[in-house]
Amino acid sequence: MKKVAVFGNAGAGKSTLSKKLTAMTNLPLYVLDKIKYRSGGTEVPDSEYKRI
């Protein structure tokens, strides 16, 4: 297994599941909200988001 994507509704347990999968598989965890948005909720420019 090289990649896992977790999708679901708010409050469905995506973060909890993702953290457990990371611990079990040693795969890195990338939280897209932390990559796509800056603190305060401003969106990262599309070119920067794609580069990251």
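What follows is a walk through the fold, the main pocket and a few individual residues of a predicted model.

Start with the overall layout. The chain holds three helices and zero strands, so read along the sequence the pattern is simply α-α-α. This is no neat ball: the radius of gyration comes out at 13 Å, well over the 10 Å that the globule rule gives for 52 residues, so the chain is more spread out than a compact globule. The C-alpha trace tells its own story of extent, spanning about 35 × 25 × 15 Å along the principal axes. As for burial, 10% of the 52 residues count as buried.

Helix α1 comes next. It runs over residues 14-25 and has 12 residues. From the first C-alpha to the last, α1 reaches 16 Å, close to the 16 Å expected at 1.5 Å a residue. Right after α1 comes Asn26, with a positive phi.

The largest pocket has a volume of about 770 Å³. Its lining takes in 22 residues, and the ones closest to the centre are Ser18, Leu29, Tyr30, Val31 and Leu32. Two elements give two or more residues each to this lining, namely α1 and α2, the latter covering residues 32-36. Of the elements, α1 gives the most, with seven residues. Sorted by class, the lining is a mix: 11 residues are nonpolar, five are polar and six are charged.

Ser18 ties the pocket and the helix together. This residue sits in α1 and is among those closest to the pocket centre. Ser18 is also buried, because its relative accessible area is 14%, under the 20% cut-off. Setting aside residues up to four places away in sequence, Ser18 touches Val6 and Leu29. Leu29, in turn, is another of the residues closest to the centre of the largest pocket.

The loop between α1 and α2 has a couple of residues worth a look. Asn26 lies in this loop, and its phi is near 65°, a positive value in a residue other than glycine. For context, most residues other than glycine have a negative phi. Asn26 is exposed as well, since its relative accessible area of 68% is over the 50% cut-off. Pro28 belongs to the loop between α1 and α2 too, and with a relative accessible area of 54% it is likewise exposed. Measuring from C-alpha to C-alpha in the model, Pro28 and Gly13 are 18 Å apart in space, with their positions 15 residues apart in sequence.

Finally, there is the stretch ahead of the helices. Val4 is placed in the segment before α1. Is Val4 buried, exposed or partly exposed? Its relative accessible area is 41%, so Val4 counts as partly exposed. Leaving aside neighbours within four places in sequence, Val4 is in contact with Leu21 and Leu27. Leu21 falls within the 14-25 range of α1, so this contact links the leading segment to that helix. Val4 and Asp33 are 29 residues apart in sequence, and their C-alpha atoms are 16 Å apart in space.

Methods:
Residues are numbered from 1 along each chain as its sequence is written. This is a predicted model: local features need pLDDT of at least 70, side-chain atom pairs count only at pLDDT 80 or more; totals for chains, interfaces and linings use all residues. Side-chain values use heavy atoms; hydrogens and water are left out. On a 1 Å grid over the protein atoms alone, a cavity is a set of points where a 1.4 Å probe fits but cannot get out, and a pocket is an open set with protein on both sides within 12 Å along at least five of seven lines; lining residues have an atom within 4 Å of a point. Grid points are joined across faces, edges and corners, and a volume is the space filled by probe spheres set on the points. Helices (H or I, at least four residues) and strands (E, at least two) are DSSP runs, numbered from the N terminus. Ala, Val, Leu, Ile, Met, Phe, Trp, Tyr, Cys and Pro count as nonpolar, Asp, Glu, Lys and Arg as charged, and the others, Gly among them, as polar. The expected span of a helix is 1.5 Å times one less than its number of residues. Buried means under 20% relative accessible area, exposed over 50%, partly exposed in between (1.4 Å probe, protein chains only). Contact means heavy atoms within 4.5 Å. The radius of gyration is taken over C-alpha atoms; the globule rule is 2.2 Å times the number of residues to the power 0.38.
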